[in-house]
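Thanks, everyone, for making the time this morning. I would like to walk you through one model, and I will begin with a term that we need before we can talk about the space inside it.

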Amino acid sequence: MLPADSPRLDGEDVEHIYLLAEAEDLPPILVHRATMRVIDGMHRLKAATLRGDDTIRVVFHDCDDADAFVLSVKANIQHGLPLSLSDRRAAAARIVRLYPRWSDRAIAEVAGLSAKTVGAIRREAPAALTEVRERVGRDGRVRPLNTVDGRRYASELITLYPDSSSREIARKAGISPSTVRDVRDRLRRGENPVPERRRPGNPNEQVTPESKLQERIKSLQSFDCCDEILQKLSKDPTVRMTDKGRAMLRWLNSQCQQVEKGREFLADNVPDHCSSLIADLACSFANSWLSVADEMRSRSQGMP
């Protein structure tokens, strides 16, 4: 049996192996049938060897090498000895290379990171990996990164096949049925199928609330990503060793998770004609958080 293609950069933890060796019954390990390489369970395998066991229970999995690595990351995120932040970031970088069409949220779910962190990792990837024009989400649906081409193709299909359903055209053009309906309405009114604000090189681009917020954020001091900040907080004794501190950590974690879930929910459920209102609402929330940031920054600067 071959050693695992593990996401752990520093290999196995000896103390954890000795701890597992004391257990009465070790759960089965996961093994890649084609190569007989361990996918998940190297700590358990070494613990069994340490205590002189001749056999260990195995669950075989049939897949390719790339899927085997993804399974290994998933398994290590869900149970056993937690992966470090460095392990998870390195795993996400590798998955970006293996599956460049996967969405940031899909990779984040596998690697135990935020979608924002995965996005930053993707931007550091070779240029060839950033030229993908569509992404596959956690639900398996393919979504274009830029709907401009999809809108234009949909307008051609509507002209050629006016009786086709919005759902059929959406499937061919790689956009949502609601976007197809908006394209239809625009063509009916004699307008461009692509809204002016989405056309590349628009010289009359308006200053939006979100662009103002982004400029304000850029003016702040540099800051770490969400995962790194939460990890630093969790290591602070005044936080992790007090009831108030632990309650704060739980609340902050829930806020980060709700934002990620909310983005996907809104992407799938908000009608196109309501998207501007939702954008304004999001900006309102962001502005409130910036007010909190100002207050917290003032408190930190006022410390001796």
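By a cavity I mean a set of grid points, on a 1 Å grid over the protein atoms alone, where a 1.4 Å probe fits but cannot get out. Please keep in mind throughout that what you are looking at is a predicted model. With that meaning in place, the structure holds one cavity of 30 Å³ or more, and the largest cavity has a volume of about 30 Å³.

Which residues line the largest cavity? They are L157, Y161, S164, E168, I169 and K172, and by class this lining divides into three nonpolar, one polar and two charged residues. Helix α8, residues 166-173, provides the largest share of the lining, namely three residues.

Let me step back to the protein as a whole. Its secondary structure comes to 14 helices and five strands, and of its 304 residues, 31% are buried. If we take the contacts with a separation of 6 or more, 62% of them are between residues 24 or more positions apart.

I turn now to the strands, beginning with β1, which covers residues 29-32. In a regular strand the side chains alternate between the two faces of the sheet. In β1, I29 and V31 point one way while L30 and H32 point the other way, and all of these residues are buried.

How does β1 pair with β3, in the parallel or the antiparallel sense? The pairing of β1 with β3, residues 58-61, is parallel and runs over four bridges, and within it H32 stands opposite H61. The pairing of β1 with β2, on the other hand, is antiparallel and runs over three bridges, with V31 standing opposite V38 in β2.

H61 deserves a little more attention. This residue is found in strand β3, and because its relative accessible area is 29%, H61 counts as partly exposed. Leaving aside neighbours within four places in sequence, H61 is in contact with L30, V31, H32, R33, I39 and L71. For I39, which is 22 residues away from H61 along the chain, the separation of the C-alpha atoms is 8.7 Å.

The hairpin of β1 and β2 has four residues between the strands, and M36 has its place in that loop. M36 has a positive phi of about 60°, although it is not a glycine. With a relative accessible area of 32%, M36 is therefore partly exposed.

Next, the pockets, where I would like to show you the second largest one, with a volume of about 250 Å³. Of the 21 residues that line this second largest pocket, D40, G41, H43, R44 and N76 are the closest to its centre. The elements that give two or more residues to the lining are α1 (14-21), β2 (37-40), α2 (42-50) and α3, and α2 gives the most, with three residues. Taken by class, the lining of the second largest pocket is made up of eight nonpolar, eight polar and five charged residues.

From there we can move to the nonpolar interior. In soluble globular proteins, nonpolar side chains tend to be buried together. In this model the largest nonpolar core has 19 residues, and those with the most contacts inside it are A92, I95, I107, L113 and V118. At least two residues of this core come from each of α3 (65-78), α4 (85-98), α5 (104-111) and α6 (115-123), and α4 gives the most to this core, with five residues.

What does V118 touch, not counting residues up to four places away in sequence? The residues in question are V96, D104, I107, A108 and L113. A second, separate core has nine residues, including I158, A170, V180 and V183.

I will finish with a residue from helix α14, residues 275-301, where L290 has its place. Why does L290 count as buried? Buried means under 20% relative accessible area, and L290 counts as buried because its relative accessibility is 9%. L290 and L213 are 77 residues apart along the chain, and yet their C-alpha atoms are separated by 8.7 Å.

Methods. Residues are numbered from 1 along each chain as its sequence is written. This is a predicted model: local features need pLDDT of at least 70, side-chain atom pairs count only at pLDDT 80 or more; totals for chains, interfaces and linings use all residues. Side-chain values use heavy atoms; hydrogens and water are left out. A nonpolar core is a set of buried Ala, Val, Leu, Ile, Met, Phe, Trp, Tyr and Cys residues joined through side-chain atoms within 4.5 Å. Buried means under 20% relative accessible area, exposed over 50%, partly exposed in between (1.4 Å probe, protein chains only). Contact means heavy atoms within 4.5 Å. On a 1 Å grid over the protein atoms alone, a cavity is a set of points where a 1.4 Å probe fits but cannot get out, and a pocket is an open set with protein on both sides within 12 Å along at least five of seven lines; lining residues have an atom within 4 Å of a point. Grid points are joined across faces, edges and corners, and a volume is the space filled by probe spheres set on the points. Ala, Val, Leu, Ile, Met, Phe, Trp, Tyr, Cys and Pro count as nonpolar, Asp, Glu, Lys and Arg as charged, and the others, Gly among them, as polar. Two strands pair if DSSP finds at least two bridges between them.
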